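Work through the exercises below with the model open. Try each task before reading its solution.

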Amino acid sequence: MSETLHSNIFDVALVLEGGQMRVSYTAPLIVKLIQEQLWFDYVCGTSAGSSHAVNYLSRDAERARKSFVEFCGDPKIGGWLGYFKGKARFDAEYVYEHTAGPNDAWPFDFATFRANPAQMRLATFDVAAGKEVWWTKDDCPTLADLMVRVRSSSAMPILMKPTFIDNRMYYDGGCGPNAGIPLPQAQRDDYRKFLIVLSQPRGFKKDSDGPDLAFKLWLRRHPHVVHGLLSRTERYDRIRAEIAELEASADAYVFYSDAIPYPSATQNVAQLAANYEAGTAQLEQEWPRLLEWLSPHIRGD
């Protein structure tokens, strides 16, 4: 790439929640930021939010859309029958590591990603150590290095197999203290203003992440993961309460996904397209307010 890339938003962190295929609803916001050439110098994501983050950093609006709409039409990504074959629901290795190359189904613009000066933080969870790990661009000198780390951030227990990097096992970043919303890391990196993109509606509170017994049986060899999952509700609700306070003080603009037609588990392309269109409609209504909040932080050339 011959063009020198620049950021134009330096004092606001872009914070991207995960949420499986619910992020088909928030994808229009990623697309809009790219189309409007609003370039944050700091981007952090967890789980599916990590895919949003790297697509945004590659400045590829079309891939940002396709990743959570059309991609599910690829029969190789797996489905519920994977359990009967002794595998997981999703073939995460294929999804993240065998689709992004220049000759693969969904090429990723790695040259633009590397040329982008913005900082990146992607959360994952070290299974043996029982601790959160944050990948940066320094950890990703090659496309393969990047995609295996996006996979590690997104490897949802039970739904996907764990990811191995340098002989260490990783699961979804939401198992850690961030609970799926990477706001705490942005705060540790000294950001005080945030555009926070959430895949749940305003006022949402977690009841449970799933059946406790299933977690304990399926993941019995990984007690740190079990603890992370069973304690996630409390951590998630605490971060959401803090986000509400940041919004009230105008230190954050929060995009809440308030009208998702179809659930996070869907792989139906038509349903994902409906989610995307619903997210687009909400974004069109909110865009003037979002831009008004963001405008004081946008620097000219």
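**Exercise 1. Find the residues that Phe40 contacts, leaving aside neighbours within four places in sequence.**

Solution. This is a predicted model. Start with the residues of lower number: Phe40 is in contact with Ser7, Ile9, Val12, Ala13, Leu14 and Leu33. Then go up the chain: Tyr56, Ala118, Leu195 and Leu294 complete the list. Next, place Phe40 in the interior. The largest nonpolar core has 66 residues. Phe40 is among those that touch the most other members, together with Leu14, Leu33, Tyr56 and Leu146. Helix α11, residues 269-294, gives the most to this core: eight residues. A second, separate core has 19 residues, including Ala179, Ile243, Leu246 and Val254.

**Exercise 2. Decide how far helix α1 (residues 27-35) is enclosed.**

Solution. Use under 20% relative accessible area as the cut-off for buried. List the residues of α1 that pass: Ala27, Pro28, Leu29, Ile30, Val31, Leu33 and Ile34. That is seven of nine, so the helix is largely enclosed by the rest of the structure. Now ask what covers α1. Its buried residues pack against helices α2 (48-57), α3 (61-66) and α11. They also pack against strands β1 (13-16), β7 (194-197) and β8 (252-255). Finally, check the residue run just after α1: Gln37 takes a positive phi of about 55° there.

**Exercise 3. Is Glu93 buried, partly exposed or exposed?**

Solution. Locate Glu93 first: helix α4, residues 92-97. Its relative accessible area is 39%. Partly exposed lies between the 20% and 50% cut-offs, so Glu93 is partly exposed. Then look at its partners. Leaving aside neighbours within four places in sequence, Glu93 is in contact with His98 and Arg151. Compare sequence and space for Pro162 as well: Glu93 and Pro162 are 69 residues apart in sequence, and their C-alpha atoms are 9.7 Å apart.

**Exercise 4. Judge how compact the protein chain is.**

Solution. Count the elements: 11 helices and eight strands. The radius of gyration is 18 Å, close to the 19 Å from the globule rule for 301 residues, so the chain is as compact as a globular protein of that length. Along the principal axes, the C-alpha atoms fill a box of roughly 55 × 45 × 40 Å. Of the 301 residues, 58% count as buried. Look at the contacts with a separation of 6 or more: residues 24 or more positions apart account for 75% of them. End with the surface. The accessible area is about 13300 Å², and 51% of it belongs to carbon and sulfur atoms.

Methods
Residues are numbered from 1 along each chain as its sequence is written. This is a predicted model: local features need pLDDT of at least 70, side-chain atom pairs count only at pLDDT 80 or more; totals for chains, interfaces and linings use all residues. Side-chain values use heavy atoms; hydrogens and water are left out. A nonpolar core is a set of buried Ala, Val, Leu, Ile, Met, Phe, Trp, Tyr and Cys residues joined through side-chain atoms within 4.5 Å. Buried means under 20% relative accessible area, exposed over 50%, partly exposed in between (1.4 Å probe, protein chains only). Helices (H or I, at least four residues) and strands (E, at least two) are DSSP runs, numbered from the N terminus. Contact means heavy atoms within 4.5 Å. The radius of gyration is taken over C-alpha atoms; the globule rule is 2.2 Å times the number of residues to the power 0.38. Accessible areas come from the Shrake-Rupley method with a 1.4 Å probe; for residues, only the protein chains shown count as cover.
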